[in-house]
Amino acid sequence: MSKSLFQKPIEIKISTVVAVSAILATADRIALDAALAEMTGGTADFFEDDLTVIDVAAVPAGGDPIDWGGLIALLKKYRLNPVAVRNAPPEMAADIAAHGLSLETASAKPREEEAAPQPAPTPVAVAAAQAQPPAAASNGTDVMIIDTPVRAGQRIYARGCDLVVTAVVNNGAEIIADGSIHVYNTLNGRALAGASGNAQARIFALNMSPELVSIAGVYSTFEDGFPQEYARSPTQIRLVGDRIDISSVNTANRA
């Protein structure tokens, strides 16, 4: 009997997908365009058509209404694909729906680990999130451990915990954690720590050569290469104020 006779026309399963949060501090498209241009450094493939949730919680009330059509076009210009809006007041709902976006309600649960004051948001802060791949393994507490190489095009997200990688992170790969990232090997590709806004998170690696790093939405890219004085030694990356700080794990020297 044909195998196709036992196949269902459609199946619905619970899943998760890549979701980038574009956290707006203003509705001014000129300011947003300038911030995105600076963030991407003119790199056409900085973002890769990632599904995007627009967070408007920090947009000042009482200002000019958001031009949703213009905002969507601006994000698509930078290869961000808006699909939903978070923290929108009820009066925005109809306009949001008219532009084909869904409404998302963010969790109001406080994060106790973020007791320290957070830096003021930049005009656009982007935090990435990705579904856990089959190779990912969590110990059920506060650490996810990856023992296999992270390949180009692969994304790993340690939701609500630290991420430990014992193998190489290749160019074109992306690793993300709500907590800190520890790579006991070579870190290439992109590394985003504190993805949920934890400015105390850090990135550690035995051998640093990343394309991009981010702490709590503050980015730094290395088009001209990672600083040579830190590239081949144990290094940490953290957020100091509103800037990325690079230092050796073994000394007090800082970039």
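Which residue in strand 15 is the bridge partner of Leu212? In this predicted model, where local features need pLDDT of at least 70, side-chain atom pairs count only at pLDDT 80 or more, and totals for chains, interfaces and linings use all residues, the partner of Leu212 is Thr221. Residues are numbered from 1 along each chain as its sequence is written, and side-chain values use heavy atoms, with hydrogens and water left out.

Val213 is likewise bridged to strand 15, through Ser220. Strand 14, residues 212-215, pairs with strand 15 in the antiparallel sense over four bridges; strands here are DSSP runs (E, at least two residues), numbered from the N terminus, and two of them pair if DSSP finds at least two bridges between them. The two strands form a hairpin with two residues between them, and Ala216 in the turn has a positive phi of about 50°.

This hairpin belongs to an open sheet of five strands, in the order 8-10-12-14-15, whose pairing is mixed. Strand 8 (155-158) and strand 15 (218-221) stand at the edges with a single partner strand each, so one side of each is left without a neighbour in the sheet.

Turning to the interior, the largest nonpolar core has 33 residues, of which Leu163, Ile175, Ile181, Leu187, Ile203 and Ile237 touch the most other members. Such a core is a set of buried Ala, Val, Leu, Ile, Met, Phe, Trp, Tyr and Cys residues joined through side-chain atoms within 4.5 Å, buried meaning under 20% relative accessible area (1.4 Å probe, protein chains only). Apart from it lies another core, of 28 residues, among them Val20, Leu24, Leu36 and Met92.

Terms used: Buried means under 20% relative accessible area, exposed over 50%, partly exposed in between (1.4 Å probe, protein chains only).
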